[in-house]
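Trainee: Before we turn to particular features, could you take me through how one reads a model such as this?

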Amino acid sequence: MSELYLVRHGQASFGQANYDQLSPLGTQQGQLLGEYFKARGIQFDRIVSGNMARHLQTCAAIQAGSGCALPITQQAHWNEFDFEQLVAQYLQQHPEHRPAPNAPRKAFYTVLKQSLLAWSSGQLDETPLPETWQAFQQRVSEGLGALQATADSERVLVVSSGGAIAMAAAQLLSAPAHTMVALNLQMANTGLSRCFYNAHTVQLHNFNTLPHLDTPAHADKITFS
């Protein structure tokens, strides 16, 4: 069996003009994960990443912490859905749900949850969106399939986003869409999920763990943005 380590990117730039950049804390989270891998002798045969900036920056931070210099294979299968356009479309259809300008961050997550549920249940006009819910499902499934097609008793690191990882987990569990939404909304930055796989099956072993941050010294570095 091969091993698959799925890692959500480090903290990005929530509330900034360009979300798709790691914050200084996001870079530190990635470095700490790399140090965790190094300390436990976890070495990878391949590194795969979505091609978003926050994915590649997280890969670089993990490599800096672990001392790994493997090349990074970029695969768009592991990109995040466009949550900004998704929420914008939902609020266009439901302007009464728009949070106040000074609303706490949790208000955004409430709207994101509503948007995802509407998207997954066919209640959202998908015409302005870059992809349909079904297309998102399909490309994540193809990302898993591409790994299975080359399975060779190897250990692979995939750096992606919360939505894509939650979709992969839901597919492996044969779970409904609302479970994918629930999984997505609890994904921590640099949360680590582990699978075992071969050409015939992928089995989820654990989900969204933080062994590199779940200590008194680093507990204040756990984030979800």
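**Reading loops, cores and helix contacts**

Mentor: T190 lies in the loop between α7 and β5, where helices (H or I, at least four residues) and strands (E, at least two) are DSSP runs numbered from the N terminus. Bear in mind that this is a predicted model, in which local features need pLDDT of at least 70 and side-chain atom pairs count only at pLDDT 80 or more, while totals for chains, interfaces and linings use all residues. Residues are numbered from 1 along each chain as its sequence is written, and side-chain values use heavy atoms, leaving out hydrogens and water.

Trainee: What is the phi of T190, and is T190 buried or exposed?

Mentor: As a general idea, most residues other than glycine have a negative phi. T190 has a positive phi of about 60° although it is not a glycine, and at 0% relative accessibility T190 counts as buried (under 20% relative accessible area with a 1.4 Å probe and protein chains only, whereas exposed is over 50% and partly exposed lies in between). S153, in the loop between α5 and β4, also has a positive phi, near 50°, but S153 is exposed, with a relative accessible area of 61%.

Trainee: Which residues touch the most other members of the largest nonpolar core?

Mentor: In soluble globular proteins, nonpolar side chains tend to be buried together. Here the largest nonpolar core (buried Ala, Val, Leu, Ile, Met, Phe, Trp, Tyr and Cys residues joined through side-chain atoms within 4.5 Å) has 40 residues, of which L4, W78 and W119 touch the most other members. Among the elements that give two or more residues to this core are β1 (2-8), α4 (105-120) and β5 (192-197), while α6 gives the most, with 7 residues. If residues up to four places away in sequence are not counted, W119 is in contact (heavy atoms within 4.5 Å) with F81, L86, L124, E126, L129, E131, T132, W133 and F136. A second, separate core of 13 residues includes Y5, F44, C59 and I62.

Trainee: How many disulfides does a search of the whole structure find?

Mentor: Taking a disulfide as a pair of cysteine sulfur atoms within 2.5 Å, the search finds 0. C59 is in no disulfide, and its nearest cysteine sulfur, that of C68, is 9.5 Å away; C59 is buried, with a relative accessible area of 1%. The sulfur of C195 is too far for a bond, because the closest cysteine sulfur, in C59, is 17 Å away, and C195 counts as buried at 0% relative accessibility.

Trainee: At what angle do the axes of α5 and α6 cross, and which residues make the contact?

Mentor: Axes are lines fitted to C-alpha atoms, for helices over the stretch in contact, with angles running from 0 to 180 degrees between N-to-C directions. The axes of α5 and α6 come within 10 Å and cross at roughly 80°, so the two helices are roughly perpendicular (65 to 115 degrees; under 35 is roughly parallel, over 145 roughly antiparallel and the rest oblique). The contact is made by W133, F136, Q137, V140, S141 and L144 of α5 and G163, A164, M167, A168, Q171 and L172 of α6. Counting Ala, Val, Leu, Ile, Met, Phe, Trp, Tyr, Cys and Pro as nonpolar, Asp, Glu, Lys and Arg as charged, and the others, Gly among them, as polar, these residues divide into 8 nonpolar, 4 polar and no charged.
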